[in-house]
Amino acid sequence: MLVFLSPQLESLAFCPLGLQQPSEIYLFENFLRRSINDKRDVAGLKNLRSVRFLSDIDNTADDCTLYWDYDVHDCLNLIRELPAIESARFEAIQPNRNVGMWPPPRSANYTDIMLYHCIMHSPEELDIIIQSAKRLRKFAFTVGGRFELDYDVSPVSAIHLLKSLLTHQHTLEELDLDIQAHVTFREMFDEDRGASWGGLYEEVDEGLQDWVAQREKVLIVESLAPECALRSFPNLKHLSIGTHVLYCYARGFGAGRLKEPFSLVDNLPPHLESLRIYGYGLPGEYPHKYKESLDLDVEAQIANLLEQKDAKLPSLKVIEGIDTPIPHGHTVEDCDDEHLLWQREDYDWGAGFDS
């Protein structure tokens, strides 16, 4: 009723929808789904710009230590056609694989997608989320702050993620990737011997195969990025990223991979205004037992960036994480490290959805 009578409602935060739990009654979800499906003229949905999906705080099974199993793709389906929708935000979740319908490529009105303290089971799950937007202005994907079952670490494919984002190369303005603790370094530094990823797209699922066919049609008519690298984002203004991921994304992959040594400052997006670096200068082992030495001379690259940025990147006015290191996120792996668990603050619920 509150939503129905609130024509000025712009931001909304609520708990799981129960789309895969028909035995439970979710009154608000039922109202929202019927209103959208029936295309009702609901005042409170006309100006709704930001939706934040919260974990089920009333569920005793959630002790705030594990990533919450969430109907991410079905939630996106629920809001993607709202007329004023701009952003969708999730926190501390992992996707439920029991999906009712995959969000069709280029079908969503939202332009900002934020996945904070989350994990994905496969590169394809993330690709489907990214491809759902008609145009993508802001994308955030950060890991960490929760335990995983069996104290495992769900890897992130840096190459697959970059390729997905490059389908929005001309519209992406803000990018926040705190994934360094979960990337597979062998994939980033030795593509010929890179990680082998289980293919969600290869599963025998009629709905998923239909989605793949739709995606192929979309990509055929869109101009693809000439190079798989950061320099292919002409309008990227704000970048937050881990040290080694920054290095590899600037160097590029595949045919666009530069020979080393290369110049970092010469291969960043030309209109970058701010750069935030996670993990620079901090000790730590490389993930996934990558034991080989990495002689990247990152310190020299950063020093050169600071020296030449005014001449080569005149728009770049803010660089964070150099003098004061910014720890990168990572899945909590030790029971004694409960202080590393991410907790949502009460005061943060009703404000700053897009921050």
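**A parallel sheet, two cavities and a few odd backbone spots**

Val-212 counts as buried, with 15% relative accessibility (buried means under 20% relative accessible area, exposed over 50% and partly exposed in between, using a 1.4 Å probe and protein chains only). Val-212 sits in helix H7, residues 206-221 (helices are DSSP runs of H or I with at least four residues, strands are runs of E with at least two, and both are numbered from the N terminus). Its C-alpha atom is separated by 9.2 Å from that of Ile-128, although the two are 84 residues apart along the chain. The model is a predicted one, so local features need pLDDT of at least 70 and side-chain atom pairs count only at pLDDT 80 or more, while totals for chains, interfaces and linings use all residues. Numbering starts from 1 along each chain as its sequence is written, and side-chain values use heavy atoms, with hydrogens and water left out.

Next comes the sheet. It is open and has 9 strands in the order E1-E2-E4-E6-E7-E8-E9-E10-E11, with parallel pairing (two strands pair if DSSP finds at least two bridges between them). Strand E1 (11-14) and strand E11 (318-320) stand at the edges with a single partner strand each, so one side of each has no neighbour in the sheet. On average, neighbouring strands are turned by 10 degrees against each other, direction ignored (axes are lines fitted to C-alpha atoms, for helices over the stretch in contact, and angles run from 0 to 180 degrees between N-to-C directions). Strands E8 (residues 174-178) and E9 (residues 238-242) run parallel and are joined by 4 bridges; Leu-177 stands opposite Ile-241 in E9.

Two helices can be placed against these strands. Helix H4 (residues 123-132) lies across strand E6 (112-116) and strand E7 (138-142), and runs at about 150 degrees to E6 (contact means heavy atoms within 4.5 Å). Helix H8 (residues 243-251) lies across E8, E9 and strand E10 (274-278), at about 115 degrees to E9.

Both helices turn up again in the cavity linings. The count comes to 2 cavities of 30 Å³ or more (on a 1 Å grid over the protein atoms alone, a cavity is a set of points where a 1.4 Å probe fits but cannot get out, and lining residues have an atom within 4 Å of a point; grid points are joined across faces, edges and corners, and a volume is the space filled by probe spheres set on the points). The largest has a volume of about 90 Å³. Of its 13 lining residues, Ser-122, Pro-123, Leu-126, Val-156 and Ser-157 are the closest to its centre. H4 and helix H5 (158-165) are the elements that give two or more residues to this lining, which divides into 8 nonpolar, 4 polar and 1 charged (Ala, Val, Leu, Ile, Met, Phe, Trp, Tyr, Cys and Pro count as nonpolar, Asp, Glu, Lys and Arg as charged, and the others, Gly among them, as polar).

The second largest cavity, at about 30 Å³, is lined by Thr-243, Leu-246, Tyr-247, Leu-264, Val-298, Gln-301 and Ile-302. Here H8 and helix H9 (298-312) give two or more residues, and the lining has 5 nonpolar, 2 polar and no charged residues.

A few backbone oddities round things off. The peptide bond from Glu-260 to Pro-261 is cis, with omega near 0 degrees, and Pro-261 is found in the loop between H8 and E10. Ala-92, in the loop between strand E4 (87-91) and strand E5 (93-95), has a positive phi of about 55 degrees without being a glycine, and is buried at a relative accessible area of 3%. Arg-106, from the loop between E5 and E6, also has a positive phi, near 55 degrees, and counts as buried at 16% relative accessibility.

Note on methods
On a 1 Å grid over the protein atoms alone, a cavity is a set of points where a 1.4 Å probe fits but cannot get out, and a pocket is an open set with protein on both sides within 12 Å along at least five of seven lines; lining residues have an atom within 4 Å of a point.
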